[in-house]
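Dear colleague,

I am passing a structure on to you with this message, and my notes on it follow below. Please have it open beside the text as you read.

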Amino acid sequence: MNASDWSQFSLVDLKCHESVVHSIQWSHNGQYLASASADKTVKIFFLEKNGSMRMMQVITLTSTPKSISWHPLDFERLAIAGDDKNIEIWDVRQQKATAKFLTSGSNLNCLWSPDGEKLAIGNYDDKLIVLEISKDLLSDADTDNNATFSVNTSPSASASISFDYEVNQFCWGSQSDYIVFASGEKNYGNIGILRYDNSNSSNSNDGNSKSNSKSKKKSSSSTPSPTPTPAPTLTLIKTIPAATCNCLCLQLDKSSSRLAVSSIDQTISLWDFHDLISDKSIIQEGTIRCMSFSGNGKFIAVTGESSTI
C-alpha cells in the first residue's frame, strides 16, 4: 500500500461499550474485530462483505481487560491481558478460557508473535516479558485446560527487559525476531526497537548433547551434570525520535512496511517502516490509545478515551 491509498479511508463509529475502550484488534484473517473495555467485557465483531460490522459474541470477565491479541495462525483464539496480573488464552469456539498465566505485575499490553510461538507482555512497571507458549496448551481446542501457570514456573522459556522511562504499546516484526515499541521520556516521544534472540538456548542444547555424549564414552557409570540452558534475551538496538510529546501506541501492518504511531497531542503519524520516515499525519479528536490494522492492511481501527471506535 502506498501513501496515496490513505485518502480512500472512511470512518465508521461503533457505539458498543458502556465504558472506555482499552484495546481493539483485527483477527489475522481480517474477519473479526475484538474490543476490550473498562466495562469488563470483550466484544467480538464480524466484518460483513459490505463493510458493516456485526456483533457476534460478548465475553464477560471478572477483571478489567487492558489488551487483547488474536493468535496469528489460529484465527478463533485470542489472548487477554487483565489488570489482575493474569494473561488468559481464550478460544472463541469454546467460549471460555483454555489457559491462564500469572505474571509479576498488572498488565498493560499483550501481543502474539507472527509465528504464533511467543506472547509479549508489558506491564505498568515498564517491564516487557516475552513468553514462549508451550504448543501443548494450544494443540487441542476441545481440551478442558484452564489451569493457571506462573510465568516463572511455566514449562515455557521467557525473556524480560526493564526500562527507567515510560514504555507503552508495542508490536512484533514480521519475522518474530524484533519488537517495536512506543515510549515517552522527558516529554519526548520515541520509537524503540528490541531484538529478541533465543539462539543461545538452541545452541546450548546442541552443546550439552555433544558434551553428554563424550562423557558417556569416558564413563558409562557416571552421570554428567546438566549445564543450565541460557534464557532467551531482549536487547535494545535502536531509538528513533517520533514526537515532541509522549508516544502512546503504534501498529505495524502485516507486511511490516507501514507503521502508525499515536501521541498525546491527538496526532497519528504514518511511517514508511523500511526507511523509518513519517510521510503523513492525521489529527483526531481526543487522544488515540489503541489502533489495529486489518489483515490486508486496507483498514485501521482507532479508539481513544471514549466508548467509540
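To begin with one particular spot, Leu 276 is placed in the loop that runs between β20 and β21 (277–283). Please keep in mind throughout that this is a predicted model. The phi angle of Leu 276 is near 55 degrees, which is a positive value in a residue other than glycine, and it may help to recall that most residues other than glycine have a negative phi. With a relative accessible area of 25%, Leu 276 is partly exposed, because buried is reserved for values under 20% and exposed for values over 50%.

Asp 126 is a further case of this kind, since it has a positive phi of about 60 degrees although it is not a glycine. Asp 126 also belongs to a loop, in this case the one between β10 (118–123) and β11 (127–132).

Thr 267 is part of strand β20, which covers residues 267–272. Its relative accessibility is 17%, so Thr 267 counts as buried, the cut-off being under 20%. Once residues up to four places away in sequence are set aside, Thr 267 touches Val 261, Ser 262, Ser 281, Ile 282 and Ile 283.

As for the chain as a whole, its secondary structure comes to one helix and 23 strands. Of the 309 residues of the protein chain, 50% count as buried, and the accessible surface comes to about 15000 Å², with 46% of that area belonging to carbon and sulfur atoms. Among the contacts in the chain with a separation of 6 or more, 50% are accounted for by residues 24 or more positions apart.

One sheet deserves a description of its own: it is open, consists of four strands in the order β1-β2-β3-β4, and is paired in antiparallel fashion. Because β1 (21–26) and β4 (53–60) stand at the edges, each with a single partner strand, one side of each is left without a neighbour in the sheet. From one strand to the next, the twist averages 20 degrees. Within this sheet, β2 (residues 32–37) and β3 (residues 41–47) run antiparallel and are joined by six bridges, and Ser 35 stands opposite Lys 43 in β3.

Which residues have the most contacts inside the largest nonpolar core? They are Leu 128 and Ile 179, in a core of 30 residues. Several strands each supply at least two residues of this core, among them β11, β14 (166–172), β15 (178–185) and β17 (233–243). Leaving out residues up to four places away in sequence, Ile 179 touches ten residues that include Leu 128, Val 130, Phe 170, Trp 172, Ile 193 and Leu 234. There is also a second, separate core of 14 residues, which includes Ala 36, Val 42, Ile 44 and Ala 97.

Finally, Glu 76 is found in the loop between β5 (65–70) and β6 (77–82), and with a relative accessible area of 23% it is partly exposed. Apart from its neighbours within four places in sequence, Glu 76 is in contact with Tyr 32, Trp 70, Trp 90, Asp 91, Val 92 and Arg 93. The C-alpha atoms of Glu 76 and Gln 94 are 9.5 Å apart in space, while the two residues are 18 residues apart in sequence.

With best regards

Technical notes
Residues are numbered from 1 along each chain as its sequence is written. This is a predicted model: local features need pLDDT of at least 70, side-chain atom pairs count only at pLDDT 80 or more; totals for chains, interfaces and linings use all residues. Side-chain values use heavy atoms; hydrogens and water are left out. Two strands pair if DSSP finds at least two bridges between them. Axes are lines fitted to C-alpha atoms, for helices over the stretch in contact, and angles run from 0 to 180 degrees between N-to-C directions. Buried means under 20% relative accessible area, exposed over 50%, partly exposed in between (1.4 Å probe, protein chains only). Contact means heavy atoms within 4.5 Å. A nonpolar core is a set of buried Ala, Val, Leu, Ile, Met, Phe, Trp, Tyr and Cys residues joined through side-chain atoms within 4.5 Å. Accessible areas come from the Shrake-Rupley method with a 1.4 Å probe; for residues, only the protein chains shown count as cover.
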